[in-house]
Amino acid sequence: MTRMRARLFLLHVLVLTLLVVLAVRLWQVQVVRGQEFVTRATETRTRTVIEPAVRGQILDSSGRPLVRNQTALVVSVDRTALSRTPDGGASVLHRLSAVLGTPVKKLKERIRPCGPGVSQPCWTGSPYQPVPVAQKADTRQALQIVERQEDFPGVSAEIQSVRQYPGGEAGAQMLGYLQPVTEAELEKRSGLKAAYSGVDLTGRDGLEEVYDEALRGKPGLRRVQVDRMGKALGVEQRVRPVSGDHLITSIDARVQAVAERALARAMRNAPKADGGAAVVLDARTARVLALASAPGYDPAVWAGGISASGYQRLLSEKSGKPLVSRAINGQFAPGSTFKVSSVTAMLRAGYPLEGTYDCPGSYMVGDRVFNNFHGIGLGPMNLHTALVKSCDTIFYRGGYEQYLRDGGRDPKKTPKEVFANTARAFGFGRPTGIDLPGESSGRIPDRRWKKEMWTLTSGTTCKRAQTGYPEVTDRARADFLKQLAYENCTEGFLLRPGDSANFAIGQGDVLVTPLQLARAYAALVHDGKLRSPRIGWARVRPDGTLVETYDVPVVGKLPLSEKERLYIKGALSDVPSDGTAAGAFAGFPMDKVRIGGKTGTAEVWGKEDTSWFASFAPTNDPRFVVVAMVSQGGMGAQTAAPVAREIYEGIYGLKGPAALPGGKPVSRLPRFAPDGTVAR
């Protein structure tokens with residue numbers, strides 16, 4: 001009897017314990033984690049569908065599209081959904097391959113995540129983001145996927161907008177391109193994660209990158225009720241996407257096309273040319289009207305994922321690195337176009353504006369002879385003629401004398417370095433601040449730079465001074481390089497006499513970009529104020545409502561009096577008619593449009609000369625500044641000056657329809673109709 005009672009007691013305790021445990025568990029489920037399970041239950045019967053916003057267009061100054069959107073059927077693959085299938089998605093990809101006519105191998109390459117050892121094509125975006133595998137599917141292909149969704153889990157076919165470039169290669173480096181945003185970027189860039197839909201793309205390079213936030217817009221979403229099989233029952237909530245704003249630029253598509261054609265023709269006519277650039281600025285505002293770079297490429301190659309070979313071609317030396325903009329990234333010795341800075345430095349150093357200067361055939365700098373062009377002496381002349389005829393020896397002397405005044409090889413404690421500091425005041429040696437990413441700064445070599453470079457390179461140069469260059473087959477060049485390495489090893493930290501002479505004529509270690517030179521000339525021929533060029537002009541909503549305008553900031557002032565500035569401008573005005581560019585402008589109607597400018601021929605060891613021409617028009621009241629550069633193009637008057645001439649002929653319509661009727665840049669923003677189209 002006692003044993004029976006003990007058993008009943010234990011049974012009661014066990015039952016009570018189970019009831020307590022059940023009660024506690026129910027309390028946890030219904031009270032503590034109640035909201036969590038309600039949310040999960042809701043999620044099982046709803047699906048959130050992101051609706052990417054339509055990206056804003058990039059327009060020229062008259063409203064013509066430089067980059068626009070085109071609707072297309074895009075087929076995408078969700079890798080996460082694919083991985084949940086029994087065979088990891090292998091059968092789905094085989095069926096998709098049959099529909100799209102794309103090999104399974106290529107589909108796998110496109111959806112695999114990029115990483116160490118994984119080359120293009122691969123997916124650079126988030127692993128949780130659907131990967132586009134066909135950017136322009138046809139209706140038949142899309143219907144096969146949509147109507148047989150059970151055969152294509154994780155595969156979608158939706159109408160999306162894709163970027164289209166009406167100008168083809170024109171301005172490709174300036175416009176930029178789109179690519180998926182990476183997980184690392186989402187974590188690193190605050191605010192991007194909330195603004196990014198996980199479906200749309202982000203700007204890479206060019207205007208697409210700089211104005212990405214404005215162009216991207218805001219994604220929308222749809223919460224769709226589904227049954228347990230995933231079949232849609234209805235829309236529970238919808239937030240419509242907000243289209244991105246349009247970017248109106250100061251670029252004129254017609255002038256851009258003229259510049260592209262002129263540059264392409266020059267590249268074809270110069271057998272060894274390996275790169276070139278043409279910059280057209282509004283002389284009064286420093287807004288960019290055209291920015292051409294050669295070689296170029298078609299930005300449409302980015303759509304749908306670029307191949308490994310295609311990507312390598314954009315970066316390879318053999319193809320000329322078409323992804324790189326020579327206009328803002330190309331750094332070259334400017335040759336005689338740099339003399340506008342050097343003559344200013346001479347004036348700052350006390351040389352008289354109205355003085356007379358001898359132009360001998362050669363000039364002794366230290367223990368080395370520096371020759372004028374072809375060793376020809378031109379006799380006594382003023383600074384006006386020195387610029388028109390491009391006398392080198394006058395500038396050799398000015399640069400060398402200032403070098404000696406600063407102490408030469410044993411410099412004073414605080415050398416004035418007039419030539420280097422004047423060049424910096426012209427904006428050389430630092431980025432212009434244009435609204436494009438990755439701009440190069442150029443280089444203005446001075447005593448400090450020489451020491452810094454020697455510190456960085458002396459180990460290598462001193463080693464080469466001993467071992468030489470056995471890999472160089474040309475013995476003369478190998479001997480030269482070994483001697484150069486020896487000199488740089490033993491005294492590379494010193495600014496040498498020859499450095500000062502070369503600096504004065506834009507040779508040696510001086511490097512500038514075509515854009516830097518263009519903005520310096522714009523300041524020189526307009527009002528002496530140095531501006532930071534801009535391409536973006538205004539931002540408008542899709543209906544044409546103005547959001548904001550982008551001003552061109554003044555960032556400096558040339559170290560010239562008004563009298564000095566006009567004197568130099570007057571000298572440059574005679575170069576195309578009576579100076580070094582006279583041959584290139586023979587027959588040009590100067591009575592209709594008078595051109596001013598300066599040729600430049602920069603020597604490059606082992607290569608053909610770099611051809612330059614920096615110009616402005618009309619000379620009495622400049623509205624345009626045009627700078628042309630062709631690497632390995634030969635003399636300035638031979639290749640670059642004809643590029644500028646062709647651009648002016650196109651702008652003013654001297655050989656056909658005028659790109660800018662009236663010969664003036666567009667000064668008013670385009671007007672838009674109520675439906676958002678440009679009102680003509």
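The following paragraphs lead through the overall build of a protein chain, its internal cavities and one pair of packed helices. The model is predicted.

The chain as a whole is the natural starting point. Its secondary structure comprises 24 helices and 23 strands. Of the 680 residues in the protein chain, 49% are buried. The contacts also show how the sequence is brought together: among those with a separation of 6 or more, 71% are between residues 24 or more positions apart.

Attention may now turn to the empty space inside the protein. Three cavities of 30 Å³ or more are found when the whole structure is searched. The largest cavity holds about 250 Å³ of space. Its lining consists of 21 residues, and those nearest the centre are Phe 419, Pro 445, Leu 495, Ser 500 and Phe 503. Two or more lining residues come from each of these elements: helix H16 (392-405), helix H17 (418-425), helix H18 (447-467) and helix H20 (497-504). The greatest contribution is that of H20, which supplies four residues. In chemical character the lining of the largest cavity is mixed, with eight nonpolar, six polar and seven charged residues.

The second largest cavity contains about 50 Å³ of space. Around this cavity stand Gly 171, Ala 172, Gln 173, Met 174, Leu 291, Ala 292, Ser 293, Ser 325, Ala 327 and Leu 436. Helix H7 (172-175) and strand S12 (288-294) are the elements that each give two or more residues to this lining. Six residues of the lining are nonpolar and four are polar, while none is charged. The lining of the largest cavity, by contrast, includes seven charged residues.

A further part of the structure shows how two helices meet. Helix H21 (residues 514-525) packs with helix H22 (residues 562-572) at an angle of about 115 degrees, and their axes are 9 Å apart. Because angles of 65 to 115 degrees count as roughly perpendicular, H21 is described as roughly perpendicular to H22. On the side of H21, the residues that take part are Tyr 521, Ala 523, Leu 524 and Val 525. Their counterparts in H22 are Arg 565, Ile 568, Lys 569 and Leu 572. Which classes of residue form this contact between H21 and H22? Six of the residues are nonpolar and two are charged, with no polar residues present.

Technical notes
Residues are numbered from 1 along each chain as its sequence is written. This is a predicted model: local features need pLDDT of at least 70, side-chain atom pairs count only at pLDDT 80 or more; totals for chains, interfaces and linings use all residues. Side-chain values use heavy atoms; hydrogens and water are left out. On a 1 Å grid over the protein atoms alone, a cavity is a set of points where a 1.4 Å probe fits but cannot get out, and a pocket is an open set with protein on both sides within 12 Å along at least five of seven lines; lining residues have an atom within 4 Å of a point. Grid points are joined across faces, edges and corners, and a volume is the space filled by probe spheres set on the points. Ala, Val, Leu, Ile, Met, Phe, Trp, Tyr, Cys and Pro count as nonpolar, Asp, Glu, Lys and Arg as charged, and the others, Gly among them, as polar. Axes are lines fitted to C-alpha atoms, for helices over the stretch in contact, and angles run from 0 to 180 degrees between N-to-C directions. Angles under 35 degrees count as roughly parallel, over 145 as roughly antiparallel, 65 to 115 as roughly perpendicular and the rest as oblique. Contact means heavy atoms within 4.5 Å. Buried means under 20% relative accessible area, exposed over 50%, partly exposed in between (1.4 Å probe, protein chains only).
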